[in-house]
Amino acid sequence: MTKLIDIKGVTHAYKTASGPLPVLRDLNIAVPEGAFTAVVGPSGCGKSTLTRLIAGLMHPDRGEVWLDGERVKSPRRTVGMAFQNPVLLEWRTILQNVILPLEIVAPTMPKARRIARAEELLALVGLSGFEDKRPSELSGGMRQRASLCRAIVHRPDVLILDEPFGALDAFTREDLWQTMHALRAEEPFTSLLITHDLRESVFLADEVVVLSGRPATTQYVLDVDLPGPRELEVLYTPKAVDYLATLRRQIQIAQGRAPASQGAA
Ligand SMILES: Nc1ncnc2c1ncn2[C@@H]1O[C@H](COP(=O)(O)OP(=O)(O)O)[C@@H](O)[C@H]1O
Ligand SMILES: [Mg+2]
């Protein structure tokens with residue numbers, strides 16, 4: 001299958017006043033078309049740096065980022081992004097916020113079609129009836145739903161999510177996970193999700209990549225073989241519990257809190 005996201009031998013350091021800060025080291029991650037990969041790793045190991053490199057907002061010192069067979073050299077329209085902070089524009093309604101990327105990417109698209117597209121997505125995430133509200137009139141979970149709609153409204157090939165559910169309470173977060181599954185069933189994007197929530201990674205992803213401590217490289221890759229469509233109960237099955245124990249242990253190794261040689265958790 002085509003590798004839609006292909007991170008090849010990426011090494012990067014920030015230049016700081018006290019010298020170079022190595023952040024990524026010979027990192028390789030390939031995400032096949034239509035797949036959902038989660039990336040977990042210790043705080044500060046370089047996860048957000050990775051998303052900026054994929055988005056073409058920065059260039060790696062060494063190595064290459066390829067998207068859909070093309071080397072990334074600058075930001076691309078075929079990428080959608082969502083972050084922990086939904087960054088919606090307060091002076092625009094929810095519908096106008098969701099439409100924004102279409103105004104930039106597809107300026108000739110008839111207004112009625114833009115509106116229909118945004119309404120279709122808002123319905124899919126349970127926001128029908130809130131189209132004319134301002135962001136501040138919505139709960140945090142609803143704002144994040146709207147920001148997901150905005151990230152995919154222009155039908156990007158690739159969706160990059162940097163801890164988009166991190167600021168939400170546990171129940172709202174679980175609702176959003178199910179919304180992600182619903183979106184994925186309807187929209188054919190390839191996803192890379194950065195998260196520090198191991199349950200989230202197992203529930204949403206086909207593959208979980210554990211990064212080492214900084215400078216980050218791939219420490220461990222877990223294939224998530226759970227039946228779909230996934231319901232939250234799947235997290236309590238022996239297989240999922242086993243996955244979570246494995247990931248927990250790998251994170252402890254990445255944090256330098258457990259030796260890599262020790263037996264299974
Ligand atoms: N623009 C920057 N200049 C210098 N250092 C940075 C910059 N951005 C991030 N860093 C540092 O690089 C490391 C990795 O940051 P980041 O990719 O945001 O980590 P993560 O998302 O995994 O928590 C951190 O130590 C952070 O302080
Ligand atoms: Mg980050």
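Me: Before we look at ligand 1, what counts as a polar contact?
Reply: Happy to start there! The term is used for a pair of atoms, and each of the two must be N or O. The pair also has to lie within a cut-off, which is 3.5 Å. Keep in mind that the model we are looking at is predicted. So a polar contact is a pair of N or O atoms within 3.5 Å.

Me: How far is an oxygen atom of ligand 1 from an N or O atom in the side chain of Arg-214?
Reply: Arg-214 is listed among the closest residues around ligand 1. Here the side chain of Arg-214 supplies the N or O atom, and ligand 1 supplies an oxygen atom. The distance between them is 2.8 Å.

Me: What percentage of the accessible area of ligand 1 does the protein cover?
Reply: Start from ligand 1 on its own, which has 570 Å² of accessible area. The protein then hides part of that area, and the covered share is 63%.

Me: Which element gives the largest share of the shell around ligand 1?
Reply: Three elements give two or more residues each: β1 (3-16), β2 (19-32) and α1 (47-54). The largest share is four residues. The element that provides them is α1.

Me: Which residue has a backbone N or O atom 3.0 Å from an oxygen atom of ligand 1?
Reply: Two backbone contacts are worth looking at here. For Cys-45, a backbone N or O atom lies 3.2 Å from an oxygen atom of ligand 1. The distance of 3.0 Å belongs to a backbone atom of Gly-46.

Me: How many residues of the shell around ligand 1 are polar?
Reply: The shell holds 13 residues. Four of them are nonpolar and three are charged. The polar group has six.

Me: Which strands are at the edges of the open sheet?
Reply: The four strands run in the order β2-β1-β4-β5, with antiparallel pairing. An edge strand pairs on one side only. Following the order to its two ends gives β2 and β5 (70-71).

Me: Which residue in β4 is the bridge partner of Thr-11?
Reply: β1 pairs with β4 (residues 62-67) in the antiparallel sense, over five bridges. Thr-11 has its bridge partner in β4, and that partner is Arg-62.

Me: At about what angle to β1 does α1 run?
Reply: Picture α1 lying across β1, β2 and β4. Taken against β1, its direction is at about 120°.

Me: Where does Pro-60 lie?
Reply: Let's look at what surrounds this residue. Leaving out residues up to four places away in sequence, Pro-60 touches Val-10, Thr-11, His-12 and Leu-53. Pro-60 itself lies in the loop between α1 and β4.

Technical notes. Residues are numbered from 1 along each chain as its sequence is written. Chains are lettered from A and ligands numbered from 1 in the order in which they are written. This is a predicted model: local features need pLDDT of at least 70, side-chain atom pairs count only at pLDDT 80 or more; totals for chains, interfaces and linings use all residues. Side-chain values use heavy atoms; hydrogens and water are left out. A residue is near a molecule or strand if one of its heavy atoms lies within 4 Å of it. A polar contact is a pair of N or O atoms within 3.5 Å; within protein, one must be able to donate a hydrogen and the other to accept it, and residues adjacent in sequence count only if both atoms are side-chain atoms. Accessible areas come from the Shrake-Rupley method with a 1.4 Å probe; for residues, only the protein chains shown count as cover. Ala, Val, Leu, Ile, Met, Phe, Trp, Tyr, Cys and Pro count as nonpolar, Asp, Glu, Lys and Arg as charged, and the others, Gly among them, as polar. Two strands pair if DSSP finds at least two bridges between them. Contact means heavy atoms within 4.5 Å. Axes are lines fitted to C-alpha atoms, for helices over the stretch in contact, and angles run from 0 to 180 degrees between N-to-C directions.
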